[in-house]
Each structure stands twice: as structure tokens, then as C-alpha cells.
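Trainee: Please take a close look at one residue of this model and at what lies around it. After that, set it in the context of the chains.

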Amino acid sequence: MNLDLDERTLAFRDEARSWLAANVPAEPLKSFDTAEGFAQHREWESRLADARWSVVSWPREFGGRDASLLEWVLFEEEYYAAGAPLRVNQNGIFMLAPTLFSHGTEEQQARILPKMARSAEVWAQAWSEPEAGSDIAALRSTATRCDGGWRVSGQKTWSSRATFADRAFGLFRSDPESLRHKGLTYLMVDLRAAGVTVRPIPQLDGEPGFAEIFFDDVFVPDEDVIGTPGEGWRVAMTTANNERGLSLRSPGRFLAAADRLVSLWQEAGRPAHTADRVADAWIGARAYQLYTLGTVTRLAGGAELGPESSVNKLFWSHLDVALHETALDILGPDAELRGAWSDGWLFSLAGPIYGGTDQIQRSIVAERLLGLPKGAR
Amino acid sequence: MRFALSGEQEQFSHSLNDLLSDVDTDSANRAWAEGDPGPGLKIWRRLAELGVTALAVPEKYDGLGATPVDLAVGFERLGYHCAPGPWTDTVAALPSLLDDELLTSVASGETLASVAYAPHVPYALDSDVADARLAVENGRLRAFTPGALLSSVDGSRRLFPPVAGDDLGTALDADRAFELGCLATAAQLLGAGRWLLDTSVAYAAQRKQYGREIGGYQAVKHLLADVATALTLAEPLLFGAAVTLDRRDVSAAKVACGDAAHLAARTGLQVHGAIGYTAEHALGLRLTRVRALVGAWGTPRFHRERVLS
């Protein structure tokens, strides 16, 4: 057991560190849930792509560096330590791309991934429906077979990034007789296609981070089906494990935030009433970093992400909220002012809700990891 | 970088587990608490044959010169099975305190040590059964004689205030001894927490109330899922600390393993209900062991301060 990096990996990390130091925008970008901020983020991600830093773990042909998982983790640590912005195309890069790598055709990979790498196409996720949140097997939007593709009707909601994004991915019921997990098809949809209406929904911060998407007989060509029609649930599970697991929340984010929290606490004169919680935030971020390195080792040894993704998500979603609430308590009366910490706090509050609520994750851990009897959710 | 146990370490853990599952540590703890160390010492000798007592002893004294990671692997299983005796003192701390022939008999399992370490280990453990009694203060070693027995919340931990005697000179590496003592304690906490989780899950899967297994109720499931999450994320801190032996990492591991084990203990008692509150049930042995170890080798407050310093 060791945590030593070989020379090649160290060189990779140093190169990333130097590039980020020279290129990360000095002024924080505006929120990517505003039109202006969205454009700024798209521009930033295209600069990242020019230097091949936008998707380091992808094959070179799609814009990556063929970096190992370990190198990816190290890159993410450097990225957030340098104060670089959250990724506007995170739904595409961290959720859709792994699905395309596992289930997409060569044609789909070649057509979609290079544009995603430079955020020339930004993706929204379209999982939830008004009657189907964490229980996405209850969804009702339909896809009906037609000549050369599918006709899609229905409604998606709480769709992150859809207000300004170019395309969306999600599950649609392709067999009207089917129940629950069966008869679902995984589709990619052009948000500018005829019959699509996007209605922005402001989030807690007032910005339109969510949207409802209405589909009125929208044509989706066969080339935009991922995997076998009717098998969408199985395809989607790859995506869900990635969202909850390794990809979406890299340890670098929490480590960087925990280090900022320790600095904030020191600058505030080390207030005793928050000392334990500041220490626990750092301990949690370090635990998550080391846990991720363990996961990287297991994956490199051929293991696959299973229900441990749920353990992962339960841990970081709680950590993120606790870390930000601690910062707000240190700030005292100024905590209510809008700023990086209050914005980060609002952002953290979504963690225990999306990608399957914490309650759903606990049931998964209890049943699939601990083997407790299945019961009504 | 390879952050996972090796095949040999996994094998060592399994062998230790097999042996400790065969011997009756619960009765040994109860006898130990009543002043009869016989059954516990029998277990000590069996574990010595497996090499546990030789782990951190250098090869020149017939030890294994093993790494702190190996120590953490061993102590996790000792904690899981709640082995009685001064394991931390003898196996983790002592080999870093002196460079002496005494270590040969430590390695073979003949010598047990009881170590007080001012100010974080004010009472020495099991000084009545130990042959070597050492007090560490400001990097110096003293022999001590034990004062009157103090009662621990965990009856199988017999505590003695050290009455310092002869100065034995400068400790070999007092800081390393302390870090390893903290690490071994964290590992035992993680192990104890896992026993509490495993036992509570097994109980919840068979105990019925209102016509169904209590483990089928979401309220119970979610409590146990939180314990599993806490233990799962405490483990990498333990092994990360074993790899680096960095003070901040060791303290992070001690806090996280203590918190996770404490959550496992409280949850375990809640899941078991009244049966878990009885002296006959083994749950109580772990519950009180966990509480004792949370404060041993540095309190949570001390370790959180080190994380922030």
C-alpha cells in the first residue's frame, strides 16, 4: 500500500498545475445559470479544450489525454485548488459521456464527444418528470416508433442547465404497455427541434438553473438512441452510478473548499464554537480523497462501481452541506449577504436531493450492501 | 500509487479473524474484568504464534519489522473481536520506545508491557499482568510501579495510575510510539464499529416485530446505512494515516474511527433494544470498549486541535 506518485504522474500533475496557474480566470465567472455567465463558461471550457485539459481521461481522438483515473483525480484536485470554475457541461461530461463510452456506437462517440469536450454542445439532463423524481421508473413521457426514428411527447422537469443548453438526454417510455423499469428508451434530444418548449424555472438563488421541457410530437432520429430500445433503464444505471459515484463530485472540490474553510476560520480568530466542525470538514474532505484513491485502485484492478456509489453520494452530500453551514456560522451576521459562501451553501443544498435523494441512497445501502430485507420505500 | 491492502495483508487479516473467531474472547473479557487473566493470556499466546506480537519489533530482535499498515490490519481485527489485554502498549508503542533485548521476549509473546504516556495516557493499562511498565514523559522513559486499580467503564480495561521510579533515559522515538499508539487505537475502534454493525444487521434481519423483520423498516435501515457510510469512509483515513504517519492524518483517523464506532455502538444498542442493554449480551462489551477507546491515546478534542494546528 502506498500513496507515492511515479515520475510520469508527477510530471502530469506539474504540467496541469502550471497551466492552471497561468490560465484560470482571475475574476470569478458569473453563474452559468445566467445568459452572460453561460457564455463565459462555454468560452472557458473551449480554452481548456484547446490545451487538452477539458476531458483528460478521454481518448485523444475525442480531445482527451488518455489520462489514467489517478491522473484524472489529481487533475481535479489541481483544478479546484487553482480556484477554477465549476463545469457548465458537467451533465454531458460526467453523466452522458460515460454512458456513450459504455453503450454508444462508434458513430455516436465520434459525432458527439469532440463537441462536448469543447462545450460547443452543452448538455442538459432530462431525468425527472412531475410524477417521477428519484423514482424515475415511474416516468410517463413517451417515444413512439415512426419512420427513421421516434416521436417524443410529454414533459420533463427540474432539468439542470436546460435553459441555455443545446441538447438533452433522458429516458422515455417506448412501450405503452410496459411497467416500471421495462420498455424505456434512452434518447438524446435537440432542444431546438420543432415541438420542444423550454420553460426556465428559477432556483433558490433566483437564477434559471432548472427548466421544464415540453415535448410535443418531437422527432428524434434513430441515430440518437443509446443502446437497445426498451433497454434504457439498464443503460441509465451506468449513468446513475457515475453521477453518485466517482465522477461528478471529485475530491478536489471538497478539499479545496475545506482548505478555504480552515483559512476563513483562522482569519476569523479561530472561534472556538466552530472549531470541531471545521476540523470535521477537513477530516471529511481528506477521507473522501483517500476513499477515492482506494476506488481508483479497485477500478484499475478491474472492479466496477456498484452500490458503493450510494455510500459515496451519502457522504459527500452531507459533507458539502455541513462544510458550507460551518462557514456561514463563522461569518456570523454577514453570512446572509450574497457571496461565494452563501452561493456555495445554496448549491450544496441540492446535493441530498438530486441523483436520487439521500433517503433513496440509504435504502440502497441497507438492501444491497448490508443485505437487509427489501421493503416498501 | 496503490491504495489497497496487499494479498498478504488480506491473508493476515483472515488468519487473525479465523483464530479469534475460534477462541472465546467474550468470556476472556469477562474473566479479565474479574481479575482472572488466564483465558486472555491463552489468547495472547495463540496470537503470538501467528506473529501479532512480533509485528513492529525489528528483525534483529526476532521481530517481523512490519509496516504501520500491517499494524493497522492486525489491530482492526483485535478490535473487531474485542481482544483483552495491553495490545496497544505492547505491540504498537513499546517497540518504538526502546532498542533493547527486551523486545525479543515481546516478539515471542512472553513479555507484556503497560505504557503510560503523559498527558494523553494518564493511566496505564493492565499493569498487574504486564512485566514491563514504562512511563513516557517529555521524551524520557521511566519505570513505574502501579498505584491502586481504577475502574474503567469497560471492566476488562484495568487501569493503574503510574508512580514513577527509575529514569531509563531518552526514549528511542517517543513521537513515533505515540502516533502508533493512536493509530492502533483508531484501528481497534474501526474493528469494534464493524462488529457492532455486522451484529446489528444480523439481528435486524431476524428479529420480528409487528409481523416482520425490523430490518425491513426504513427507519432501522437508514440508521444502519449511516453507520455503514461512516465506517466505510473512516477506513481510508486509517490506512492513509498508516502510510504517511503524518500527525494530521493520524488525528483525522482517530477522530473519524472514534465517531464511526460511537455511532455504530449507539445505533447497535437502539437496534437491539433491551437485549443489548443486558450484561449477558456481547454488545455491551463493545459499547463500553468503544467509549473507553474514544478517549484513550488522545481525546477527540486533542486530535481535532491537531488537525487544525
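**A close look at A:Arg286**

Mentor: Leaving aside neighbours within four places in sequence, A:Arg286 is in contact with A:Leu255, B:Leu237, B:Thr244 and B:Asp249. The model is predicted, and what follows should be read in that light. A contact here means that heavy atoms come within 4.5 Å of each other. The contact list of A:Arg286 therefore holds residues of chain A and of chain B.

Next comes its place in the chain. A:Arg286 sits in helix α8 of chain A, which runs over residues 275-300. Is this arginine buried or exposed? A:Arg286 has a relative accessibility of 14%; a residue under 20% is called buried, so A:Arg286 counts as buried. For a distance within the chain, take A:Ser134, which is 152 residues away from A:Arg286 along the sequence. Between the C-alpha atoms of A:Arg286 and A:Ser134 there are 29 Å.

Now the chain that carries the residue. Chain A contains 11 helices and 8 strands. Its C-alpha atoms fit a box of roughly 65 × 45 × 45 Å along the principal axes. Why can chain A be described as agreeing with a compact globule? A compact globule of 377 residues would have a radius of gyration near 21 Å, and chain A has 21 Å, so the two agree. As for burial, 55% of the 377 residues of chain A count as buried. Its contacts can also be sorted by sequence distance: among those with a separation of 6 or more, 72% join residues 24 or more positions apart. The accessible surface of chain A is about 15,700 Å², and carbon and sulfur atoms supply 52% of that surface. Chain A has 39 positive and 52 negative side chains, with 2 Å between the centres of the two sets.

Two stretches of chain A have names from a record. UniProt, in an unreviewed entry, lists "domain: Acyl-CoA dehydrogenase/oxidase N-terminal" at residues 8-118 of chain A. That span is 64% helix and 0% strand, and its end C-alpha atoms lie 26 Å apart. The unreviewed UniProt entry also places "domain: Acyl-CoA oxidase/dehydrogenase middle" at residues 124-218 of chain A. Residues 124-218 are 0% helix and 46% strand, with end C-alpha atoms 17 Å apart.

One backbone detail in chain A deserves a mention. A:Asp217 is not a glycine, yet it has a positive phi of about 60°. This aspartate belongs to strand β7, residues 210-221 of chain A. The relative accessibility of A:Asp217 is 42%, so the residue counts as partly exposed.

Then there is chain B, the source of B:Leu237, B:Thr244 and B:Asp249 in the contact list of A:Arg286. Chain B has 11 helices and 8 strands. Its radius of gyration is 19 Å, close to the 19 Å that the globule rule gives for 309 residues, so chain B is as compact as a globular protein of that length. The C-alpha trace of chain B spans about 65 × 45 × 35 Å along its principal axes. Of the 309 residues in chain B, 59% are buried. Contacts between residues 24 or more positions apart make up 69% of those in chain B with a separation of 6 or more. The accessible surface of chain B is about 12,100 Å², with 50% of it on carbon and sulfur atoms. Chain B carries 28 positive and 37 negative charges, and the mean positions of the two groups are 8 Å apart.

A named stretch also occurs in chain B. According to UniProt, again in an unreviewed entry, "domain: Acyl-CoA dehydrogenase/oxidase C-terminal" covers residues 176-305 of chain B. Over that range the chain is 79% helix and 3% strand, and the end C-alpha atoms are 19 Å apart.

Chain B has backbone details too. The peptide bond from B:Ala118 to B:Pro119 is cis, with omega near -5°. B:Pro119 lies in the loop between β1 (113-117) and β2 (124-125) of chain B. B:Asp62, a residue other than glycine, has a positive phi near 65°. B:Asp62 is in the loop between α3 (38-49) and α4 (68-80) of chain B, and with a relative accessible area of 58% it is exposed.

To return to the start: A:Arg286 is a buried residue in helix α8 of chain A, with contacts that include B:Asp249.

Definitions and conventions
Residues are numbered from 1 along each chain as its sequence is written. Chains are lettered from A and ligands numbered from 1 in the order in which they are written. This is a predicted model: local features need pLDDT of at least 70, side-chain atom pairs count only at pLDDT 80 or more; totals for chains, interfaces and linings use all residues. Side-chain values use heavy atoms; hydrogens and water are left out. UniProt positions are given in the numbering used here, feature names are shortened, and annotations may be inferred rather than shown by experiment. Helices (H or I, at least four residues) and strands (E, at least two) are DSSP runs, numbered from the N terminus. The radius of gyration is taken over C-alpha atoms; the globule rule is 2.2 Å times the number of residues to the power 0.38. Buried means under 20% relative accessible area, exposed over 50%, partly exposed in between (1.4 Å probe, protein chains only). Accessible areas come from the Shrake-Rupley method with a 1.4 Å probe; for residues, only the protein chains shown count as cover. Lys and Arg count as positive and Asp and Glu as negative; His and the chain ends are not counted. The place of a charge is taken as NZ of Lys, CZ of Arg, CG of Asp or CD of Glu.
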